[in-house]
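New to this one? Here's a quick briefing to read alongside the sequence and the 3D view.

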Amino acid sequence: MSIRIAATASGAYPNVRARRLRVNASIRDMVTEHRLHPSNFIAPIFIIEGEQIKEEISSMPGYFRYSLDLVLPHVAELFDLGIRSVLLFVKVPDELKDNEGTEALNPEGLMQRSIRAIKEKCPEMYVMTDVALDPYSSFGHDGIVEDGQIVNDETVRVLSRMAVSHASAGADMVAPSDMMDGRIGGIRKALEFEGFEHVGIMAYSAKYASCYYGPFRDALDSAPGFGDKKTYQMDPANVREAIREAQLDQQEGADIVMVKPGLPYLDVVRAVKESVGVPVSVYHVSGEYAMLKAAAAKGWLNEEQAIIETLMSFRRAGADLIATYFAADAARMLNGK
Ligand code: PBG
């Protein structure tokens with residue numbers, strides 16, 4: 001009784017009842033504030049050498065590495081589901097790895113062949129490529145190592161050539177994930193100089209030194225051979241620095257800026273969204289995928305509901321685009337299949 005009196009005394013109730021807009025599915029749909037659509041998703045793809053290979057990544061149940069012949073029908077299927085973008089990663093054989101990432105520049109390398117084949121098979125699929133040295137590095141670092149340090153400017157020079165190599169193969173957008181300083185400007189300049197002014201850059205602007213990349217490093221066998229990535233990836237304690245990184249990347253010519261990982265950094269997504277004028281993407285990373293899968297496998301979470309709720313949280317936080325290993329699953333659900 002006293003609660004009722006207090007509520008009445010506040011003035012609004014009972015004339016105002018928030019539940020009226022939740023009465024049935026129609027009104028809920030009409031007033032929903034955010035929507036998910038398959039075109040919001042970027043599907044990461046892991047490619048390996050060989051033929052007829054589709055192997056499950058042990059720490060990412062239900063996610064696979066594909067040989068190039070099997071990637072092509074997979075990409076076509078993603079396009080049919082309404083997904084408009086893929087983000088390519090390649091697993092490089094150990095014997096091709098070195099400190100300078102020489103293989104990254106090979107016009108006949110797995111990445112370059114994959115870009116060409118995908119654009120030929122499915123020209124409308126918007127192809128983004130990972131630009132960083134770690135899968136190519138004998139040290140498993142994103143840049144060149146000298147005296148135990150990751151050297152910045154030399155790395156940027158190689159990354160710029162790598163980006164041009166991907167553009168020459170037909171990439172629509174390059175996605176530098178290395179966190180070197182000045183790499184967006186360096187890559188932009190190289191792309192302009194080589195006549196690839198139409199090729200975009202999605203900058204991993206606020207990429208944190210996170211434990212949530214563990215399963216990805218299993219997928220590509222790219223764990224750092226010594227030390228960690230804390231001299232280039234960001235401190236999880238920082239948000240002001242994320243805004244600064246995103247603004248710098250925007251000034252240097254990034255077309256899209258990204259925050260990574262996703263769920264533990266929703267506040268960063270919001271902060272970046274409010275401080276840049278370019279679209280913001282978020283990377284819902286491998287460890288986040290693994291956590292959800294593990295809980296669902298135990299029967300502790302409803303997988304489908306958890307996927308949609310999680311992806312919606314990125315939209316609510318301000319992400320325009322979401323790179324997620326659940327892209328195909330979510331698209332199927334959204335399409336009612
Ligand atoms: C490498 C790269 C990483 C991821 C994307 N690009 C791993 C790392 O920085 O060690 C992580 C993606 C994921 O965990 O899903 N430059």
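What follows is a short tour of the chain, its ligand and its cavities.

Keep in mind that this is a predicted model. The chain is assigned two stretches, domain 1 and domain 2, and there's a ligand with 18 residues around it. The protein buries 100% of the 400 Å² that the ligand exposes when taken alone.

**Domains**
- Domain 1 runs over residues 1-32, while domain 2 covers 40-334.
- Measure from one C-alpha centre to the other and domain 1 and domain 2 turn out to be 44 Å apart.

**Around the ligand**
- Of the 18 residues that surround the ligand, the closest are Lys 207, Arg 217, Lys 260, Ser 286 and Tyr 325.
- Sort that shell by class and you get 8 nonpolar, 7 charged and 3 polar residues.

**Polar contacts with the ligand**
- Ser 177 places a polar side-chain atom 2.7 Å from a nitrogen atom of the ligand.
- Lys 229 has a polar side-chain atom 2.7 Å from an oxygen atom of the ligand.
- In the side chain of Gln 233, an N or O atom sits 2.9 Å from an oxygen atom of the ligand.

**Cavities**
- Searching the whole structure turns up 3 cavities of 30 Å³ or more.
- Where does the ligand fit in? The space it takes is the largest cavity.
- That largest cavity holds about 120 Å³ of space.
- Its lining is made of 16 residues, and those nearest the centre of the largest cavity are Asp 134, Lys 207, Tyr 213, Phe 216 and Lys 260.
- Lys 207 and Lys 260 also show up among the residues closest to the ligand.

Terms used: Residues are numbered from 1 along each chain as its sequence is written. This is a predicted model: local features need pLDDT of at least 70, side-chain atom pairs count only at pLDDT 80 or more; totals for chains, interfaces and linings use all residues. Side-chain values use heavy atoms; hydrogens and water are left out. A residue is near a molecule or strand if one of its heavy atoms lies within 4 Å of it. A polar contact is a pair of N or O atoms within 3.5 Å; within protein, one must be able to donate a hydrogen and the other to accept it, and residues adjacent in sequence count only if both atoms are side-chain atoms. Accessible areas come from the Shrake-Rupley method with a 1.4 Å probe; for residues, only the protein chains shown count as cover. On a 1 Å grid over the protein atoms alone, a cavity is a set of points where a 1.4 Å probe fits but cannot get out, and a pocket is an open set with protein on both sides within 12 Å along at least five of seven lines; lining residues have an atom within 4 Å of a point. A molecule sits in a cavity or pocket if more than half of its atoms lie within 2 Å of its grid points. Ala, Val, Leu, Ile, Met, Phe, Trp, Tyr, Cys and Pro count as nonpolar, Asp, Glu, Lys and Arg as charged, and the others, Gly among them, as polar. Domain bounds come from an automatic or database domain assignment. Grid points are joined across faces, edges and corners, and a volume is the space filled by probe spheres set on the points.
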